[in-house]
Amino acid sequence: MDEDTNVEPMFDYHGFDEGYNIDSLEDIGMIEFWNIRDEDVCHFHFSDVNIAFEFYNRYARTKSFSARKNRTRKSHAGALKLKNFVCHREGFKPQNNYGIGNLKRKHTPETRCGCSAMMEIRVDAPSGRWFISYFSDKHNHPLLDPRLTGLLPGHRFMFEADIGHMVNMKKGGISVRQIYRALANQTGGYEYLSFMQRDMYNKIAKQRRQLPGDAYEALKYLEDQATNDPSLYFNHHMDADGTLRNLFWCDGLSRANYSLFGDVLAFDATYRKNKYMCPLVVFFGVNHHNQTIISAAALICDEEKDTYRWLLQQLKVAMNGKAPVSVITDGDLSMKFTIEKEFPNAHHRLCAWHLIRNATSNIGKPLFTSMFKNCMLGDYEIDVFRQKWFEMVEGFGIENKNWVLDMHKKRHSWATAHIRGKFFAGFRTTSRCEGLNSIIAKYVNSRYNLVEFIQHFNPCVDHIRWKEVQADLASVNGRPSMQTCFQQLKRSAANVYTLSIFHMFQPILVRAASMKVINMRQTGSYVIYSVGLDRMPNEMWRVFCCDIEMEFNCLCMRMESFGIPCEHIVCVLVHEDIEELPRSLVLPRWTKTAKVGLQNAVGLHWDSLMLSQYSCLMDWFRQLANFACRDNERFIFTREMAMNLLKQFKEEDAAQKELVNDADSVRDGVQVDAFGAGLATNDLGYSMPRDPRKYRTKGGLHSLIKENIDVDSVSEGHGNDTFDNDSDDHMNIEDDSLVYDENASYNSNEVL
């Protein structure tokens with residue numbers, strides 16, 4: 001209990017004047033403080049202490065100072081019966097730390113000067129009303145300039161609308177500094193804001209401290225998201241002691257996209273995306289525009305076999321058991337083992353970029369690295385590849401080196417000669433993952449907890465999906481120019497392929513123009529064509545055609561590998577005067593109609609809609625305030641209209657919230673599969689998880705810290721791709737193009 005006050009009552013209480021009752025903040029808003037005389041202040045009475053303090057602080061704002069709460073008096077029963085409010089410069093600074101010279105923090109300026117301005121209130125026991133028993137407005141210091149008064153801590157506050165606006169913008173990956181500038185611009189200047197940038201940081205920190213548990217809040221957030229997206233799937237895995245280990249989630253649109261484009265899947269782990277240092281695993285593929293799409297995401301505690309196995313099991317459950325045809329990873333042994341167990345029929349390809357880097361680090365000879373790259377990416381026959389491999393390793397005398405022996409054993413996972421004919425949609429490396437990590441880094445950072453991470457990760461996914469919408473428009477809005485040969489065939493391709501895939505098909509048409517059918521013969525229901533270059537008549541490729549079903553197959557197998565006809569097949573089509581691409585040569589996943597029938601191809605976040613509407617209203621209200629404040633009658637009219645609307649909306653929201661609470665009280669909780677039975681459960685039906693531990697991840701993070709290297713300056717990912725903060729043309733950056741280099745080696749032993 002605070003010390004008693006020695007101030008004697010200045011006013012005698014003789015009853016309440018009904019014209020001066022203050023019961024709410026709305027009543028305070030109706031008071032014209034600039035017209036109130038000091039002797040009239042004593043007539044006001046209040047419903048509670050907080051309303052009284054808000055009244056005095058509003059009065060102080062008008063008089064260019066700030067109020068703060070001071071001493072209290074309580075009855076023997078512990079009930080509050082007296083409270084006084086003082087000027088912010090009342091009293092004197094404690095002398096405890098004076099004379100200490102080794103303080104790390106600088107001394108703050110002395111603002112206390114013993115000011116005696118004060119308002120004291122007492123309670124009337126019968127009515128419970130608070131009346132002013134003492135009031136003094138005598139200051140012993142100069143009052144502030146009105147433009148500085150709003151900067152005092154007592155007058156700085158954030159409205160709920162400001163907090164909601166800040167939260168929504170933070171979800172979009174916007175920094176607090178940028179949000180502050182944007183809010184100042186919306187209100188007409190920094191002087192119109194009722195808070196400072198530090199208040200925004202304090203509010204964010206306070207919200208974090210109020211969370212009952214980060215892991216629980218993350219699951220609750222996903223549960224809330226599932227009410228708007230019934231197809232959203234998420235699951236988590238806990239230790240025996242209830243500590244959250246792994247969290248997996250994917251929304252309904254990701255699941256729908258996977259049903260169409262889940263034939264090729266790539267995934268990799270990236271680090272330093274949340275405060276627990278949990279690796280982030282993103283499952284991704286390519287859509288019909290050859291753009292990167294996210295199928296699912298997960299935060300995991302480690303990169304052990306059991307963790308990846310649980311992860312792939314969740315992926316299969318979420319995707320209704322559909323397994324990918326091909327998988328691309330960086331060669332991590334845990335990933336390799338898990339893929340073999342969970343996707344035994346999938347073709348597993350190792351990232352070419354990682355292999356080239358390993359060749360450099362293990363052998364250390366640039367010439368070897370160059371020859372190894374040619375062996376890996378060259379479109380050779382298996383016999384030719386075998387010959388080149390042994391010539392290379394024997395030439396450098398490294399045939400007994402462990403890394404070389406291991407690579408030869410794994411050749412079916414990286415050599416184009418052995419992979420040829422297996423569909424990978426143009427993937428040769430996980431470089432798309434590196435580009436994706438760069439985009440994600442714009443939305444999340446290592447300070448975010450689990451809830452903040454998910455909230456910021458979702459707008460990143462939305463941004464990627466918005467690029468698909470733009471590509472859809474480009475594909476259907478107009479036609480590409482037809483300036484090369486084979487006009488009819490080219491027009492047919494332009495009609496069925498998306499614009500991006502059509503641009504990849506164009507170089508194939510150009511190369512086909514330099515080829516001709518040298519020989520053909522009938523064998524049963526098949527016609528075998530021998531196709532060669534004009535300048536290289538000794539090298540030819542065989543194309544098999546079934547006349548009945550109009551099916552074409554080339555021994556180069558690039559149609560099977562990429563889903564686009566090779567120049568050899570195109571040459572045969574031209575030779576037979578076929579002006580439209582046969583259906584057998586059009587892979588549905590590359591067409592404009594790939595997503596026909598898929599509902600809700602793109603969803604608009606309600607938060608984004610609210611943000612747009614908020615900005616619109618702020619613009620109109622700012623103009624309204626500009627005109628209303630010029631005339632007192634306009635001001636009073638506008639104020640009353642605003643107060644009435646505010647009161648009406650608050651009552652409606654309160655009624656709606658009561659209905660929702662009643663519905664939630666009878667709603668069955670959603671039981672999510674969680675390991676750790678017997679733990680305390682919450683109102684959602686989950687086992688109450690503990691926050692994850694901070695894990696040590698691979699990638700040299702701790703060694704960088706030990707060596708005093710700035711971790712944030714280390715490049716994310718493995719490649720050298722950089723992205724400008726304002727650039728949106730990033731999702732097509734990929735070195736695994738479907739377009740073939742016309743100078744590449746297409747050797748074949750099928751020479752006729």
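Two strands count as paired if DSSP finds at least two bridges between them. In this predicted model, strand β16 (residues 540–546) and strand β17 meet that condition, pairing in the antiparallel sense over four bridges. One of the bridge partners can be named: Phe544 is matched with Asn553 in β17. The two strands form a hairpin with four residues between them, and in the turn Met550 has a positive phi of about 50°. Strand β17 itself (residues 551–554) has two faces, with Phe552 and Cys554 on the covered one and Glu551 and Asn553 on the uncovered one.

Phe552 leads from the hairpin to the interior. The largest nonpolar core has 79 residues, and Phe552 is among those that touch the most other members, together with Trp249, Phe453, Phe457, Tyr497, Phe505 and Ile569. Helix α17 (residues 450–476) gives this core its largest share, eight residues. A second, separate core of 27 residues includes Ile31, Val41, Phe46 and Phe85. Tyr497 shows what surrounds one member of the largest core. Beyond its neighbours within four places in sequence, Tyr497 contacts Phe502 and Phe505, then Gly563 and Pro565, and further along Leu581, Leu585, Val586, Trp590, Thr591 and Lys592.

These details sit within a chain of 752 residues, 46% of which count as buried. The chain holds 24 helices and 17 strands. Among contacts between residues at least 6 apart in sequence, 66% join residues at least 24 apart. The chain exposes about 39,400 Å², and carbon and sulfur atoms supply 51% of that area.

Helix α14 (residues 402–409) is an example of a helix with two sides. Its buried residues are Trp403, Val404 and Met407. They lie on the same side of α14 because they cover an arc of only 100° around the axis. In general, an α-helix has 3.6 residues a turn, so residues three or four places apart point the same way. On the other side of α14, Asn402 and Lys409 are exposed. The buried residues pack against three helices: α11 (352–363), α12 (366–377) and α13 (382–396).

Charged side chains make a further set of links. Side chains of opposite charge can pair when their charged atoms come close. The count of salt bridges comes to 24. In one of them, Arg68 meets Glu90 at 2.6 Å, N to O. Arg68 lies in strand β3 (residues 67–74) and Glu90 in the loop between β4 (80–87) and β5 (118–124), so this pair ties together parts that are 22 residues apart in sequence. Buried means under 20% relative accessible area, so Arg68, at 19%, counts as buried.

The salt bridge between Lys220 and Asp224 (3.5 Å, N to O) stays inside one helix. Both residues lie in α7 (residues 214–228), four residues apart, about one turn of the helix. Lys220 is partly exposed, with a relative accessible area of 27%, and Asp224 is partly exposed at 37%.

The salt bridge of Asp251 with Arg465, whose closest N and O atoms are 2.8 Å apart, returns to helix α17. Asp251 is in the loop between β8 (244–250) and α8 (252–261), whereas Arg465 is in α17, so the pair ties together parts that are 214 residues apart in sequence. Arg465 is buried, with a relative accessible area of 12%. Elsewhere, Asp379, Glu381, Arg420, Arg511, Arg558 and Glu567 are linked in a network of salt bridges.

Key
Residues are numbered from 1 along each chain as its sequence is written. This is a predicted model: local features need pLDDT of at least 70, side-chain atom pairs count only at pLDDT 80 or more; totals for chains, interfaces and linings use all residues. Side-chain values use heavy atoms; hydrogens and water are left out. A nonpolar core is a set of buried Ala, Val, Leu, Ile, Met, Phe, Trp, Tyr and Cys residues joined through side-chain atoms within 4.5 Å. Buried means under 20% relative accessible area, exposed over 50%, partly exposed in between (1.4 Å probe, protein chains only). Contact means heavy atoms within 4.5 Å. The arc is that of the directions from the helix axis to the C-beta atoms. Accessible areas come from the Shrake-Rupley method with a 1.4 Å probe; for residues, only the protein chains shown count as cover. A salt bridge is a side-chain nitrogen of Lys or Arg within 4 Å of a carboxyl oxygen of Asp or Glu.
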